[in-house]
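Good morning, colleagues. I should like to take you through one structure and some of its contacts, strands and salt bridges.

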Amino acid sequence: MKNIQMRFLAFFAIACFVFLAACSCSKHDLDPRYVTTDYSMANNWLVNPQGSGSKAVDVFYLYPTTYSGAENSCPVSDAGMRAGATKNRQSNASVYEQTANLYMPFYRQMSASYVLTLPEAEHDKAMREIPAVDGLEAFKYYIEHYNGGRPFLLAGHSQGSNTLLYVIEYLKEKPELMERFIAAYIIGYSVTPDFLQKNPHVSFAQGRTDQKVLISWNTESPGLTVPNPVVTPGALAINPITWTTGEAYAGADQSLGARLEENGGFIDRPHFADAQVDRGRGVVVCSTVDPEDYRIPIAIFPLGVLHGCDYPFYYYDLQQNVADRVAAYFQ
């Protein structure tokens, strides 16, 4: 009888321990969406030359929102997100590969329909809790294991660019990395004077080859008056044809050309898009396309917000600028 009682007590104690342990776990411990990504695992990198690239510089690139599920965020294993990232490598990230070794991690994302509708403080909190954690972990792992002391660029689009702002914050306390930092292409999201004031180790680009700068624009059709969900008050923009911040018009004949996705492939369109900075809205205006042809099928993006065209319209202008900026670094 005594042995039975002892077994019962032991079983009860173990059951209580398991119950209390489960109760002490937050949803962040149990939900894979909240598990920080392990970047020592090869399958958590879409592109990773592991230090064997042939170029003298690297680019660390974060893709835009490719997650489209019902939850507010996704785990790094989300198949749809990974498929979208793979496609984005071809459409956007490829622009850097002529000049730099591409490092492109998978990272946990927020739903655009959720995070872009949050008030500023809540948006920042959500970004810091999930995408920024992965973005920073991936960048730190890249620096420690793959960079090998080479100069580097940061680049992204949309949510990827938003996430890179937290990496730029991190660089403020890393002067040894700032010595090798060339520039950051924060395309498809906003850089504001407030951010620059808090991060005086960087400035906004004013020309074609300046260094340790942030380069940003968001593309719109003319005449928009409605809010753009990726443009925040005070947003700065640079003209991706002339690489100036004034409002002088640059015609499509000045552009090196677009690279557009058509019929399952990509086609070059020389002298396709014009560009003019609208300082009042903090955007670049393109008047040479019909906005209906580039409507984004997500309700939060109104007609005329050419968010998906930030890279394609100015693909070859951007490719040349990356080469020019890197050449200036070495000179």
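Let us begin with S73 in this predicted model. Setting aside neighbours within four places in sequence, S73 is in contact with R33, Y34, Y67, Q109, M110, S111 and I130. The residue belongs to the loop between β2 and α3, the latter spanning 79–91. Is S73 buried or exposed? With a relative accessibility of 2%, S73 counts as buried. Its C-alpha atom is separated by 9.2 Å from that of A112, although these positions lie 39 residues apart in chain numbering.

A further pair of positions may be set beside this one. D31 is found in the loop between α2 (27–30) and β1 (45–47). The relative accessible area of D31 is 16%, and the cut-off for buried is under 20%, so D31 is classed as buried. D31 and P75 are 44 residues apart in sequence, while their C-alpha atoms are 8.5 Å apart in space.

I turn now to strand β4, residues 152–157. How many of its residues are buried? Six of the six are, so the strand is largely enclosed by the rest of the structure. Both faces are covered: F152, L154 and G156 are buried on one side, and L153, A155 and H157 are buried on the other.

The neighbours of β4 in the pairing are as follows. Strand β2, residues 58–62, runs parallel to β4 and is joined to it by five bridges; within this pairing, F60 stands opposite L154. Strand β5, residues 181–187, is likewise parallel to β4 and joined to it by five bridges, with G156 of β4 standing opposite I186. As a general point, strands of a sheet pair through backbone hydrogen bonds, in either the parallel or the antiparallel sense.

Two of the residues just named return in the nonpolar core. The largest such core has 100 residues, and those with the most contacts inside it are F60, Y96, F139, L154 and L318. In soluble globular proteins, nonpolar side chains tend to be buried together. Which residues does L318 touch, once neighbours within four places in sequence are left aside? L318 is in contact with V95, Y96, Y185, I187, W217, W243 and Y311.

Helix α7, residues 159–171, deserves a geometric check. At 1.5 Å a residue, its 13 residues should span 18 Å, and the end C-alpha atoms are 19 Å apart, which agrees. Eleven of the 13 residues are buried, so the helix is largely enclosed by the rest of the structure. Among the buried residues are Q159, G160, S161 and N162, together with L164, L165, Y166 and L171.

There is also an open sheet of three strands, in the order β8-β12-β11, with mixed pairing. The edges are occupied by β8 (219–220) and β11 (276–278); each has a single partner strand, so one side of each is left without a neighbour in the sheet. Strand β12, residues 283–285, pairs with β11 in the antiparallel sense over three bridges. In that pairing, V277 stands opposite V284.

Finally, the salt bridges, of which the count comes to 13. One of them joins the side chains of R108 and D134, at 2.9 Å from N to O. This pair links distant parts of the chain: R108 is in the loop between β3 (101–105) and α4 (112–115), while D134 is in helix α6 (residues 131–147), 26 residues apart. R108 and D134 are both buried.

Two further salt bridges lie within helices. R128 forms one with D124, the closest N and O atoms being 2.9 Å apart. These residues are four apart in helix α5 (residues 120–129), so about one helical turn separates them. R128 is partly exposed, with a relative accessible area of 39%, and D124 is partly exposed at 27%.

The other joins K198 and D194, at 3.2 Å from N to O. Both lie in helix α9 (residues 193–198), four residues apart, or about one turn of the helix. How do their accessibilities compare with the classes used here? K198 is exposed, with a relative accessible area of 53%, whereas D194 is partly exposed, with 40%. To complete the salt bridges, D124, R128 and E169 are joined into one network by salt bridges that share partners.

How values were computed
Residues are numbered from 1 along each chain as its sequence is written. This is a predicted model: local features need pLDDT of at least 70, side-chain atom pairs count only at pLDDT 80 or more; totals for chains, interfaces and linings use all residues. Side-chain values use heavy atoms; hydrogens and water are left out. Two strands pair if DSSP finds at least two bridges between them. Helices (H or I, at least four residues) and strands (E, at least two) are DSSP runs, numbered from the N terminus. Buried means under 20% relative accessible area, exposed over 50%, partly exposed in between (1.4 Å probe, protein chains only). The expected span of a helix is 1.5 Å times one less than its number of residues. A nonpolar core is a set of buried Ala, Val, Leu, Ile, Met, Phe, Trp, Tyr and Cys residues joined through side-chain atoms within 4.5 Å. Contact means heavy atoms within 4.5 Å. A salt bridge is a side-chain nitrogen of Lys or Arg within 4 Å of a carboxyl oxygen of Asp or Glu.
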